[in-house]
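User: I would like to go through the labels given to this model and see what each one rests on. Please set each value against its cut-off.

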Amino acid sequence: MSALEKPKAIFSPKWLVSVGALAVCGAAFGYVTGGWFAERFPHGGGFSYLAEQGYPPLTIISLVLGGILLFIYICSAIVYGLAIFNKGIVGNRVLTGGLGSNPSSRKAYPYILVFYIAYTVVFGILTLYAAPPKLPTSFAWPMFLIGLASSLAMAWSATKLWFILDEFFRTIWVEACALASFIMLVIVLIVATAVSVGLMPAVTLYSGLVLYQLIYLITYGIVAGARDPNMLEMGEPEDA
Amino acid sequence: MKNRLKVLRAERNWSQSDLADALDVSRQTINALETGKYDPSLPLAFKIARLFGLPIEAIFEDTP
């Protein structure tokens, strides 16, 4: 079957089943967490509780988005961990972010797993300290050391990945980072100016970090989609 | 940048996987090269030229 005749991956039965499964997982997660929130805050949602504690709207939004990001990183760690052992997941390019089952990608998966575990730990600590209730001060040094070790683990695994992944994936990585950093720089300049002249309240580092991660996820998707025409195909694409 | 990678590969009856293995890159790299979504680095371009036994200009064409 030629490239012109092959059926599109999107809206194929496999694609629909995968999206349906994700929707069911999302619904189950929402049901469980929604139930927990309803029990914990019987007189109002978590948002009003945080607002009553004096948290500004931007911080509340950042905490919600940060929680979603943490969930994404935990799922990513699970997927890449499974990709080390499970042929079905390795062969699914959508689940593995386009890396697929080629030899350099297979070498990369253990380091990507370390990266996401470390990222989850350090970002989890930051989210914990951004949200109420505050932990006792006796936790300060242990948390800092765990965060430091996790950050160093991220740097180590990223360095390893740089030399394992082939130039195509490195190019996508670099372009996404450069684009996200520049967009973030412009936003920081605008926000810093607004804060300096008193047009808006100060923004926490945590909110800035959440914003950068969201921008990076979006730019990575755009850059990878432009460079990798078969990114949304689950299996290995047919020869062009 | 245009290239004749697909033609040269087809002449030798190689799949994209075969070419990727020969060049020690991912199949996605070969796919992106052939569809014009990615231009190779100089070391990779030289590697491709050596593999096919052709000068770089015979494989890659600069499109101004």
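Analyst: A residue is called buried if 20 or more other C-beta atoms lie within 10 Å of its own, and exposed if 12 or fewer do. The model is predicted. By that cut-off, 23% of the 240 residues in chain A are buried.

User: What secondary structure does chain A have?

Analyst: Chain A has eight helices and zero strands. Along the sequence the pattern reads α-α-α-α-α-α-α-α. Of the chain A contacts between residues at least 6 apart in sequence, 76% join residues at least 24 apart.

User: How do you know that the length of α8(A) agrees with its number of residues?

Analyst: Helix α8 of chain A runs over residues 205–227, which is 23 residues. At 1.5 Å a residue the expected span is 33 Å, and the end C-alpha atoms are 32 Å apart, so the two agree.

User: Which residues of α8(A) are buried, and what covers them?

Analyst: The buried residues in α8(A) are Ser207(A), Val210(A), Leu211(A), Thr219(A), Val223(A) and Arg227(A). Their cover includes α3 (57–85) and α7 of chain A, together with α3 of chain B.

User: Why is α7(A) called oblique to α8(A)?

Analyst: The axes of the two helices come within 8 Å and cross at roughly 140 degrees. Angles over 145 degrees count as roughly antiparallel and 65 to 115 as roughly perpendicular. The crossing angle of α7(A) and α8(A) fits neither range, and therefore α7(A) is oblique to α8(A). The crossing is right-handed.

User: What makes the contact between α7(A) and α8(A)?

Analyst: On the α7(A) side, the residues include Ile172(A), Leu179(A), Ile183(A) and Ile187(A). On the α8(A) side, they include Leu211(A), Ile215(A), Thr219(A), Val223(A) and Arg227(A). By class, the contact has 14 nonpolar, one polar and two charged residues.

User: Why is α2(B) called roughly perpendicular to α3(B)?

Analyst: These helices pack at an angle of about 110 degrees, with their axes 8 Å apart. The range for roughly perpendicular is 65 to 115 degrees, so α2(B) is roughly perpendicular to α3(B). Their crossing is right-handed. Gln16(B), Ser17(B), Leu19(B) and Ala20(B) of α2(B) meet Arg27(B), Thr29(B), Ile30(B) and Asn31(B) of α3(B) in this contact. The contact residues divide into three nonpolar, four polar and one charged.

User: Why does Asn13(B) count as exposed?

Analyst: Asn13(B) has 7 C-beta neighbours inside 10 Å, and the cut-off is 12 or fewer, so Asn13(B) is exposed. This residue lies in the loop between α1 (5–11) and α2 (16–23) of chain B. Its phi is near 60 degrees, a positive value in a residue other than glycine.

User: What makes Asp24(B) exposed, with 12 C-beta neighbours inside 10 Å?

Analyst: The cut-off for exposed is 12 or fewer, and Asp24(B) has 12, so Asp24(B) counts as exposed. Asp24(B) is in the loop between α2 and α3 (27–34) of chain B. It too is not a glycine, and its phi is positive, about 60 degrees.

User: How many residues of each chain are in contact with the other?

Analyst: The contact involves 17 residues of chain A and 17 residues of chain B. On the chain A side, α5 (103–130) and α7 (167–196) are the elements that give two or more residues. The largest share, three residues, comes from α7(A). By class, this side of chain A has four nonpolar, seven polar and six charged residues.

Terms used: Residues numbered from 1 in each chain as written. Chains lettered and ligands numbered in written order. Predicted model: local features only at pLDDT ≥ 70, side-chain atom pairs only at ≥ 80, totals over all residues. Helix = DSSP H or I, 4+ residues; strand = E, 2+ residues; numbered from the N terminus. Contact = placed C-beta atoms within 7 Å. Nonpolar A, V, L, I, M, F, W, Y, C, P; charged D, E, K, R; others polar. Expected span 1.5 Å × (residues − 1). Axes fitted to C-alpha atoms, helices over the stretch in contact; angles between N-to-C directions. Parallel < 35°, antiparallel > 145°, perpendicular 65-115°, else oblique. Left-handed = near helix turned anticlockwise from the far one by under 90°.
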